[in-house]
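Let's take a walk through this model together, going from the inside outwards. Keep the viewer open and follow along as each residue comes up.

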Amino acid sequence: FLVAANPVNYGRPSRLSCAEALAAGLYICGFQDPAMDLLERFRWGPGFWTLNSELLQGYSKCRDGKEVIAFQQKFLEEYSSRREQVIAEHKQKALEKRRQEHSTQRAGQSSGASEGGAGEGSSDERSEEDELRDEDINYNHVLRNSGRKWGAGNDDDDDD
């Protein structure tokens, strides 16, 4: 499991270009300098190392295929749980922001309309407007801007 950085498949897992796959193989087998040299030829080359640094380092430490599979499985499980947490946090912040924007707009409308019957909306109307749909969120953008990389494996969070 590695993530593509090439412009055709950027961000797509396991959709590497030939250059990315060859560089990854060289890196994992201990030929880090030739691997880096290979991807220096591409504008997107440094992005490949950024997206996959933890994975490549982990794979290169494995002694056999079983260890590679075990490392990959552990990484994917950790990433999946981090991803769900980041998305939930972002949804909550976006919903709070949307509610605040709506209340600000309503305050402006009600101060501009005097007794004309254009009063406040019902709570049912408000909850429909405030509802945040999944299609309102670009999850790749959320993850990219959350300060966490694909390979951010540090569990330095003081959540406990």
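**Starting from Leu56**

Leu56 is a good place to begin in this predicted model. Leaving aside residues up to four places away in sequence, Leu56 touches Leu2, Ala24, Tyr27, Ile28, Phe48 and Trp49.

From there we can step back to the core. The largest nonpolar core has 19 residues, and those that touch the most other members are Leu2, Ala23, Leu39, Phe48, Trp49 and Leu56. Two or more residues come from each of α1, α2, α3 and α4. The top contributor is α3, which gives six residues to this core. As a general rule, nonpolar side chains in soluble globular proteins tend to be buried together.

Next, have a look at helix α2, which covers residues 32-39. Which of its residues are buried? They are Ala35, Leu38 and Leu39. These residues lie on the same side of α2, because they span an arc of only 90° around its axis. As for their partners, the buried residues of α2 pack against α1 (18-28) and α3 (45-61). Leu39 links this helix to the previous paragraph, being among the core residues that touch the most other members.

Now for the charged side chains. How many salt bridges does the structure hold? There are two. In one of them, Arg63 pairs with Glu67, and their closest N and O atoms are 2.7 Å apart. Arg63 is exposed, with 72% relative accessibility, while Glu67 is partly exposed at 26%.

The other salt bridge joins the side chains of Glu78 and Lys74, with an N to O distance of 3.9 Å; the cut-off for a salt bridge is 4 Å, so this pair falls within it. Both residues sit in helix α4 (residues 65-112), and because they are four residues apart there, about one helical turn separates them. Lys74 is exposed, at 51% relative accessibility, a value that counts as exposed because the threshold is over 50%. Its partner Glu78 is partly exposed, with a relative accessible area of 24%.

Finally, what about the cysteines? Searching the whole structure turns up zero disulfides. Cys18 is exposed, with a relative accessible area of 70%, whereas Cys62 is buried, at 18% relative accessibility. Cys62 counts as buried because its value is under 20%.

To retrace the route, we set out from Leu56 and its contacts, passed through the buried residues of α2, and ended with the salt bridges and the search for disulfides.

Conventions: Residues numbered from 1 in each chain as written. Predicted model: local features only at pLDDT ≥ 70, side-chain atom pairs only at ≥ 80, totals over all residues. Heavy atoms only, no water. Buried < 20%, exposed > 50% of the residue type's maximum accessible area, 1.4 Å probe, protein only. Arc of directions from axis to C-beta. Contact = heavy atoms within 4.5 Å. Disulfide = S-S within 2.5 Å. Core = buried A, V, L, I, M, F, W, Y, C linked by side-chain atoms within 4.5 Å.
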